[in-house]
Amino acid sequence: MGPEREETISEKKRIDLPVTGMSCAACSARVQAALSKIKGVETAAVNLAAEKATLHYNPSETSVDEFINTIKDIGYGVSVSKITLPIKGMTCAACVARVQNALSSLNGVLSASVNFATEKATIEYVPAQAGIREFKKVIRDAGYDIIEIEKGEDVVEKEKQEREKAYKKLRLKFIAGAVLTVPLLLLMFSQMASIPIINRLPMHINFFIQFIIATPIQFWVGWQFYTGAFAAARHRTTNMNTLIAVGTSAAYIYSVTATFFPSVFEIKGYAAEAYFDTSAAIIVLILLGRLLEARAKGHTSEAIKKLMGLQARTARIIRDGGETDIPIEEVETGDIILVRPGEKVPVDGIIKEGYSSVDESMISGESIPVEKRSGDRIIGATINKTGSFKFEATNVGRDSMLSQIINMVQEAQGSKPPIARLADKIASVFVPAVMAIATVTFIIWYLFGPEPSFTYALLNFIAVLIIACPCALGLATPTSIMVGTGKGAENGILIRGGEALETAHKINAIVFDKTGTLTKGKPEVTDVIAVSSQQSATPLNPPLARGVSENDILMLAASAEKNSEHPLGESIVNKAKEKALELKDPEDFQAVPGHGIKAKIGGRNILLGNANFMEDEGINTGGLADKAEQLSCEGKTPMYVAADGFAAGIIAVADTLKENSVDAIKSLHNLGIEVVMITGDNKKTAEAIARQAGIDRVFAEVLPEDKAKNVKQLQDEGKVVAMVGDGINDAPALAQADVGIAIGTGTDVAMEASDITLIGGDLMGVGTSISLSRATIKNIKQNLFWAFAYNTVLIPVAAGALFPFFGILLNPIFAAAAMGMSSVTVVTNALRLRKFRVK
């Protein structure tokens, strides 16, 4: 009992969480009660004065994420920070696991995710308990380092310089190693090459010359493998460098012994052989693989480079009546900035003076320039096309739209989807497992192999160590995520992380909010119908009514609504202005709530409103009622216009579909996805819109707070559901959905409320994001298959599994070449995603 209890106690962890939003003792009691109910929590104490929750818990039963979500669910918050650190020295997936575990072990760290492809660690932590100093220390203690950024330095530029520096050093060592390896191979295979001068050399002299050439390759060209292996050994662990260092050292030491003490191996008639060429060729080939890998990895971050390149370098501000060009970093909120035709807009802001069209394609993916006038928002990094304008800076530096996009893409590229977890788990035990397999291989070959058994055992031992490739496992997922999220950003699609990207490929039902998502979000006049002039005069259709044309109807209604702020009234006035109709000032204007309006226009008594209003006013709508019913069935709102006591016509208004809504829904149907619409409109109007758009299913008359219930209903039917909305009004439904997709434009994009954000508001992006997700996950699966298949098939071959049947053994040099190419193959396959095209 005693030891078991001790072990249980040792598993317990403590965490202090800073809780925000508590205002009284009842708040702290509520938080404490909610946390105490979580399975695995031993004790929970909430201090109102310190605004802190202290928990003792069993990490095998619960997690910090669960605590944070529980606190948020009951209406409070947790003050946490996030930081991304560029890391130097990681060479394989085992390194990633070590850095990640080291960071996760720190008290106050909520989560740590290390990405091999980007060479960055993203850490979410409680600032009061952990910080940059602790992160640096634990990373350095693990045998790695971080790239130090001086104040004012460009982070991306600094990382680029460090990568270029490392690449050039790697290239120099590879070239030097390759040049030295050529004479080594000539010395080794002199008889095959028929080189008399070498053939005449005594064997011990030949070996000695090989020793002289191979030593700098082993200890200068390959020194990085030793430093990496030593660093791992200090922490009683292993990594990719361990495999290479042990494998090449075994070949090198064996060869040194064969050169200076040949009698050790001269038994049973077998002469000693030197394998300097093997250790040297392995080192050079692995460096070649890393060189190609580094070059290919540079291409995976092209999207970030492109986004960075969009930023303007200077801004022309107006101060003290004059114009001054200043660096973009010095622009402050409230500055008035002048932009001329052809120039980039430096920061986000609101136009104060002028008119122009602006190319926003680099941000939204929309190719058509957007008209901008006074009062309109403008986005930094877009290009002014025609006129000049002045605007007030509202979002500068890290608050700008472009900076938010760059930050979001970087976070997404550093994230890991659930599909990566299996690879991470395998990578964490991969190197020790390979060491064990190599050792067993050596023992079996030494005990049971043909003579010279030691030589066979050694070569197969080296082959197993060298061919194993945790690099391919480590790169399989992050490289595809980097390219996929980058490609999305190029097309105006921002994907928050790997989990959203993975879930999106499973979506089989998409729920669209109607207003502002499928439709334009503001009513427009769709029909203007006048009493036919062909009808003869009757008490129902007197000469006055018959003489009113469609333009007259529109002019009278618009004049009556001229000063109205009602959305329907504004739509009628806008339509009249479009047609350049001359409006008159209304007299005796009177609004009748829920019915319509009365006004006198040019001496005529005008009524504008619904059927009940006409009935109350004694207006006989006659044959127009059938037309009104037809318009209602089409999802439109008919309004009767009466002049001097007689029905003169109908004006129909509707929130019309966006231009590409129908095409977007067709594209989703082509992907095999069910399309659902959710709206607060009545069933008749909703079904009319659904028919026009080609929607499969409708939830009508839904209150905003009930939208999440409808999403849950679909999930209960076994569907993987995406919700498409504006990201603010639809927040509960977006949160309930498996994937939330926000439609937005400009700086109004609600990035925080969604998993995927379509910057330009183009609904075609919904289908594109799902297609991109499917292409990316397919690419990841291909990479993982290659990485697993490569190691599963070739490690047994390297161990000599084919020798008893076919007499085939894998030369360690070929093993090194195969290992190097496996990583390159994975990265190259990921780069194919750059060819993804929007259909």
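# A guided tour of the predicted model

Begin by selecting Lys173 and Trp220, where Lys173 lies over the face of Trp220 at 5.5 Å from the ring centre. Keep in mind throughout the tour that what is on the screen is a predicted model.

**The aromatic cluster**

Select next helix H9, residues 203-221, and pick out Phe208 and Phe211, which both lie in this helix, 3 residues apart, or about one turn of the helix. The general rule for such a spacing is that an α-helix has 3.6 residues a turn, so residues three or four places apart point the same way. Phe208 is partly exposed, with a relative accessible area of 37%. If the selection is then widened to Phe208, Phe211, Phe219, Trp223, Tyr226, Phe230, Tyr252, Phe260 and Phe276, the view shows one aromatic cluster formed by these residues.

**A ring pair between a strand and a helix**

The count of aromatic pairs comes to 24. To look at one of them, select Tyr125 and Phe135, whose ring centres are 5.0 Å apart and whose planes stand at 80 degrees, so the pair is edge-to-face. Tyr125 belongs to strand E7 (residues 120-125) and Phe135 to helix H5 (residues 132-141), so the pair ties together parts that are 10 residues apart in sequence. Are these two residues buried or exposed? Tyr125 is buried, with a relative accessible area of 12%, and Phe135 is buried too, with a value of 0%.

**The largest nonpolar core**

Phe135 also leads to the next stop, since the largest nonpolar core has 123 residues, of which Met90, Leu103, Phe135, Ile139, Ile510, Phe512 and Val766 touch the most other members. Which helix gives the most to this core? Select helix H30, residues 764-799, which contributes 11 residues, the most of any. Return then to Leu103 and display its surroundings: leaving aside neighbours within four places in sequence, Leu103 is in contact with Val109, Ala112, Val114, Ala121, Ile123, Phe135, Val138 and Ile139. Apart from this core lies another one, of 26 residues, among them Ala599, Leu608, Met639 and Val653.

**The open sheet of six strands**

Move on to the open sheet of 6 strands, whose order is E20-E25-E24-E23-E22-E21 and whose pairing is antiparallel. Strand E20 (524-530) and strand E21 (587-592) stand at its edges, each with a single partner strand, so one side of each is left without a neighbour in the sheet. Neighbouring strands of this sheet are turned against each other by 20 degrees on average, direction ignored.

Starting from the edge at E21, follow the strands one by one. E21 and E22 run antiparallel and are joined by 4 bridges, with Val592 standing opposite Gly596 in E22. The two strands form a hairpin with 3 residues between them, and in the turn Gly594 has a positive phi of about 75 degrees. E22 is in turn joined to E23 by 6 bridges, again in the antiparallel sense, and here Ile597 stands opposite Leu608 in E23. The hairpin of E22 and E23 has 2 residues between the strands, and Gly602 takes a positive phi near 55 degrees. Continuing across the sheet, strand E23 (residues 604-609) pairs with strand E24 (residues 637-643) in the antiparallel sense over 4 bridges, and Leu608 stands opposite Val641 in E24.

**Helices against the sheet**

Now add helix H22, residues 550-560, which lies across E20, E21, strand E22 (596-601), E23, E24 and strand E25 (646-654), running at about 125 degrees to E20. Why can H22 be called largely enclosed by the rest of the structure? The reason is that 8 of its 11 residues are buried; to see them, select Ile553, Leu554, Met555, Leu556, Ala557, Ala558, Ser559 and Ala560. A second helix to display is H25 (residues 624-633), which packs on the sheet and touches E20, E24 and E25, with a direction that makes about 5 degrees with that of E25.

**Last stop: Thr20**

Finally, select Thr20, which is found in strand E1, residues 13-20, and which is partly exposed, with a relative accessible area of 36%. Although Thr20 and Val78 are 58 residues apart along the chain, their C-alpha atoms are separated by 5.7 Å. Not counting residues up to four places away in sequence, Thr20 touches Tyr76, Gly77, Val78 and Ser79.

Definitions and conventions:
Residues are numbered from 1 along each chain as its sequence is written. This is a predicted model: local features need pLDDT of at least 70, side-chain atom pairs count only at pLDDT 80 or more; totals for chains, interfaces and linings use all residues. Side-chain values use heavy atoms; hydrogens and water are left out. A nonpolar core is a set of buried Ala, Val, Leu, Ile, Met, Phe, Trp, Tyr and Cys residues joined through side-chain atoms within 4.5 Å. Buried means under 20% relative accessible area, exposed over 50%, partly exposed in between (1.4 Å probe, protein chains only). Contact means heavy atoms within 4.5 Å. Rings of Phe, Tyr and Trp (its six-membered ring) pair if their centres lie within 6.5 Å; planes under 30 degrees apart count as stacked, over 60 as edge-to-face and the rest as tilted. A charge sits over a ring if NZ of Lys or CZ of Arg is within 6 Å of the ring centre and within 35 degrees of the ring normal. Two strands pair if DSSP finds at least two bridges between them. Axes are lines fitted to C-alpha atoms, for helices over the stretch in contact, and angles run from 0 to 180 degrees between N-to-C directions.
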